[in-house]
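User: I would like to learn how to read the sheet, the helices and the burial pattern in a protein model. Could you take me through them one feature at a time?

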Amino acid sequence: MILKDEREGREFLVEYGHKLLETGLVQGTWGNLSVRLDDRFMICTPSGLDYERVTPEDMVLVEIETLDWQGVQKPTSEKALHGGIYASRPEVGAVIHTHSKYCSIFAAAEMPLEVEDPELARDIGSGLKIARYGLAGTKKLTRNTLTALGSASGCIMSHHGMICCGADIADCYDKCCKIEEAARRYIDSRL
């Protein structure tokens, strides 16, 4: 799905931020989302604003290569990670980073996620690698996450959560939900 315009991208980020909150994949201001506007720009969620209160006007236009941004709000501290994914993966139209419950268990354990359900594996891959640790918002985090992500749908970020990408925001959200479900099933099967 190609965005019609910047306004539509901003509205999608509000809508999917609400969906992530409703499904428990994000809490408060944790996590971040972005959509690719075109080859030059992405639209990101702002830093430190609650998903319940965020508006389309709060979303931040960010240049993918330079990370220069426009707007009143400051973009997510993970803008370089989002930009790095868009720069290296031209097929990606949306990125979601969460601190979801079950994926966070894998992140805390520094453990890759083996996807055991064949249907989920078909949609998100047979496993998600673990990215080595890096402090939030740093070049090290970006570099380590891009290495672990490669051409996959997502990866687990050591001590930090999960990131996934998709052709558009709907596809990305679907993958995000499936990755969390795969993590839940893996843990439940061992209890």
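Analyst: The turns below go from the sheet to the helices and end with a single residue. This is a predicted model, in which local features need pLDDT of at least 70 and side-chain atom pairs count only at pLDDT 80 or more, while totals for chains, interfaces and linings use all residues. Residues are numbered from 1 along each chain as its sequence is written, and side-chain values use heavy atoms, with hydrogens and water left out.

User: In what order do the eight strands form the open sheet?

Analyst: Helices (H or I, at least four residues) and strands (E, at least two) are DSSP runs, numbered from the N terminus, and two strands pair if DSSP finds at least two bridges between them. Here the order of the open sheet is E4-E3-E2-E1-E5-E10-E9-E8, with mixed pairing. Strand E4 (69–70) and E8 stand at the edges with a single partner strand each, so one side of each is left without a neighbour in the sheet.

User: How many bridges join E5 to E10 in the antiparallel sense, and what is the bridge partner of Ile 96 in E10?

Analyst: E5 pairs with E10 in the antiparallel sense over five bridges, and Ile 96 has Cys 164 as its bridge partner in E10. Strand E1 (residues 32–36) also pairs with E5 in the antiparallel sense, over four bridges, where Ser 34 has Val 95 as its partner.

User: Which residues of E5 lie on each side, and are they buried or exposed?

Analyst: In a regular strand the side chains alternate between the two faces of the sheet. Buried means under 20% relative accessible area, exposed over 50%, and partly exposed in between, with a 1.4 Å probe and protein chains only. In E5, Ala 94, Ile 96 and Thr 98 lie on one side and Val 95 and His 97 on the other, and all are buried. Five of the five residues of E5 (residues 94–98) are buried, so this strand is largely enclosed by the rest of the structure.

User: Where on helix H3 are the buried residues?

Analyst: An α-helix has 3.6 residues a turn, so residues three or four places apart point the same way. In helix H3 (residues 101–109) the buried residues are Tyr 102, Cys 103, Phe 106 and Ala 107. Their arc around the axis is only 150 degrees (taken from the directions from the helix axis to the C-beta atoms), which puts them on the same side of H3. The face turned away from that buried side carries the exposed residues Lys 101 and Ala 108.

User: At what angle do H1 and H6 pack?

Analyst: Axes are lines fitted to C-alpha atoms, for helices over the stretch in contact, and angles run from 0 to 180 degrees between N-to-C directions. H1 and H6 pack at about 15 degrees, with their axes 11 Å apart. Angles under 35 degrees count as roughly parallel, over 145 as roughly antiparallel, 65 to 115 as roughly perpendicular and the rest as oblique, and H1 and H6 are therefore roughly parallel to each other. Contact means heavy atoms within 4.5 Å; Phe 12, Tyr 16, Lys 19 and Leu 20 in H1 meet Ile 169, Ala 170, Tyr 173 and Cys 176 in H6.

User: Which residues does Leu 149 touch?

Analyst: Leu 149 belongs to helix H5 and is buried, with a relative accessible area of 3%. Not counting residues up to four places away in sequence, Leu 149 touches Ile 85, Arg 89, Gly 154, Cys 155 and Cys 165. The C-alpha atoms of Leu 149 and Cys 165 are separated by 9.4 Å, and these residues are 16 residues apart along the chain.
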